[in-house]
Every structure is written in structure tokens, then in C-alpha cells.
Amino acid sequence: MATNTPAVTRWSCPAAWHRRVPPAGAGLATLASPRDALAVNAAALTAVMVRAVDTAVELGETLGDRRFNAVAIGPGAGVGKRTVDFVHTALSLQPHLVLDADALTSFGEAPEHLFEAIKGNHDAQVILTPHEGEFPRLFSDLSNKTPGRSKLERVRAAALRAGAIVLLKGPDTTVAAPDGRATIACNAPPWLATAGAGDVLAGFIVGLLAQGVAAFEAASIGVWMHGEAAREAGPGLIAEDLPEVLPAVHRHIYDEFGIDY
């Protein structure tokens, strides 16, 4: 019997996805750093540009350069009003946005303010990437303690409420769009549960957004790439290993389809 319920894809990247997976790299990445950490970050990040940004005004000036076409806010940003202001500024200037970690927690007392801002930008391509600890801070009535609701149901309800793509991390990372589309990843090995791995996932996804991949697809592909990179790295990985093995993931895809490189 036909229904109007959008399909759910449970996947470890079937062939149709293989043909559509682009590299995760943004081409050129810039870290917005507090001035007092600028020298440390510049010394540590030899392949990434670094720019001093201490205020929302300075972030706005940076994003005025249209070469910046996707933004991630959250890891290491700090919890508080400044991060809230950064998010509002980014939403007003750049519709391609990944919000993770501190960017989510900073709206914990008034998540509706975030949702209203997202829905107020009709061109927004926003992805929220909480884990189970962060998810209830935005969706208190949809936590994993909610009786009778599956993870899929919870994430779909959250996406509709937020007006954004919601990606709930875990061994069965689930991605949902406000229109009900959803994917459930099943390729994540247990050793992917390591500190900083979620930050890397946010980077993978914002790299895909920077290439023009739509938000739902960017989140779903990023999750698959993340799992495949962990499988490639093997047990004992640390978060820093994931970007290093990503080229091997792409080589496997190219080899499978006989693509020369």
C-alpha cells in the first residue's frame, strides 16, 4: 500500500551513494581564532589559514568575503553569549552552516531562539550535529528516555521543529530533514567512539557544503565517510587519524568503479 511517508535509507553506502561521494576537502579552510591564541594556532596548523576573530562584528567582516561559502561553529568555541552572537551573525550572512558542540549548548536555555533564526533564513542549509548528551539540551522532550519513541522518530521530530537537518550521533547515527527524509548509518566501527571524532565529522560535512552539496546529502555522505575512514584506520585510532586516511577511502571508491586517478 502506498503511503506519503518519506523513505528511510539504512546504509553502509550502496552503489548509488558511491557514485555521488565527492572529496570532503573545502579546498581552502580558515580557522577563526581568538587573538590570544593566534600564534599557537598558526604554529600548529600549517595547512590551514588562521584569522583573528574575537567578536561577532569581526566574524561578520570575515564572512563578508564571499569566498567563505560554508561555516562550522562549535568545537572549542566556548559556551555563552559570544557563541550565540556568532551563530546569529553566521546565519544572517552565510546559509551553509554546521552547528556542533558549544554552538548547540549555548542555546540550551532558549533553543527556540535558534530555531526561529534558522527558519527566518529561507535559504538556510543548516545542520545540527548533537550527540545524545547534547540533544536533550535543544530537544528536552525528545531525549532517549522518551518512552515509546525510536531514535528515528525523535530525530525526525527534532528536524521538523528546528527547520534544519538534525544528525544524532551514535553507533547508528541518524540524519533527518524537516520533510521527513532520513538515513541511518550502519558502517561505524566501535573504535570510532573516541574524543574529537565528532569534531572531525563536522569538518567533513562543512567541506561537502563548501563544494555545493545540499545539506541533507552532505550530512549523510559525511557520516558514511566518517565511518569508512574509521574502518580504514582500524582499532586504536585517534581523531587526528580520520582525515589522514580519507584519501584511502576515495581510492577504494575509485577502484570499485574503475575510475582512473
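**View 1. Ile127 in strand E6.** Ile127 is found in strand E6, residues 125–128. The model shown here and in the other views is predicted. Ile127 counts as buried because its relative accessibility is 0%, against a cut-off of under 20%. Beyond its neighbours within four places in sequence, Ile127 is in contact with Leu97, Val98 and Leu99. Its contacts also include Ile165, Ile205, Leu209, Ala215 and Ala219. Met49 lies 78 residues from Ile127 along the chain, and the C-alpha atoms of the two are separated by 24 Å.

**View 2. Ile165 and the largest nonpolar core.** The largest nonpolar core has 38 residues. Ile165, Met225 and Leu242 have the most contacts inside this core. Strand E7 (165–168), helix H9 (197–210), H10 and H11 each give two or more residues to the core. Another core, of 37 residues, lies apart from it. Among the residues of that other core are Ala56, Ile118, Val166 and Leu168. Which residues does Ile165 contact, leaving aside neighbours within four places in sequence? Val126, Ile127 and Leu128 are among them. So are Val175, Ala176, Ala177 and Pro178. Ala215, Phe216 and Ala219 complete the list.

**View 3. The crossing of helices H10 and H11.** Helix H10 spans residues 215–233, and helix H11 spans residues 241–256. Their axes come within 8 Å and cross at roughly 100°. H10 and H11 are therefore roughly perpendicular to each other, as angles of 65 to 115 degrees count as such. On the H10 side, the contact is made by Trp224, Met225, His226, Glu228, Ala229, Ala230, Glu232 and Ala233. H11 contributes Asp241, Leu242, Val245, Leu246, Ala248, Val249, His250, His252 and Ile253. By class, the contact has 11 nonpolar, three polar and three charged residues. Met225 of H10 and Leu242 of H11 take part in this contact; Met225 and Leu242 are also named among the residues with the most contacts inside the largest nonpolar core.

**View 4. Thr83 in helix H4.** Thr83 has its place in helix H4, residues 81–93. Is Thr83 buried or exposed? Thr83 counts as buried, because its relative accessibility is 2%. The side chain of Thr83 reaches the backbone oxygen of Ala77 at 3.3 Å. Ala77 is also listed among the residues in contact with Thr83 once neighbours within four places in sequence are left aside. The others in that list are Ile73, Gly78, Asp102, Ala103 and Ser106.

Technical notes: Residues are numbered from 1 along each chain as its sequence is written. This is a predicted model: local features need pLDDT of at least 70, side-chain atom pairs count only at pLDDT 80 or more; totals for chains, interfaces and linings use all residues. Side-chain values use heavy atoms; hydrogens and water are left out. Helices (H or I, at least four residues) and strands (E, at least two) are DSSP runs, numbered from the N terminus. Buried means under 20% relative accessible area, exposed over 50%, partly exposed in between (1.4 Å probe, protein chains only). Contact means heavy atoms within 4.5 Å. Axes are lines fitted to C-alpha atoms, for helices over the stretch in contact, and angles run from 0 to 180 degrees between N-to-C directions. Angles under 35 degrees count as roughly parallel, over 145 as roughly antiparallel, 65 to 115 as roughly perpendicular and the rest as oblique. Ala, Val, Leu, Ile, Met, Phe, Trp, Tyr, Cys and Pro count as nonpolar, Asp, Glu, Lys and Arg as charged, and the others, Gly among them, as polar. A polar contact is a pair of N or O atoms within 3.5 Å; within protein, one must be able to donate a hydrogen and the other to accept it, and residues adjacent in sequence count only if both atoms are side-chain atoms. A nonpolar core is a set of buried Ala, Val, Leu, Ile, Met, Phe, Trp, Tyr and Cys residues joined through side-chain atoms within 4.5 Å.
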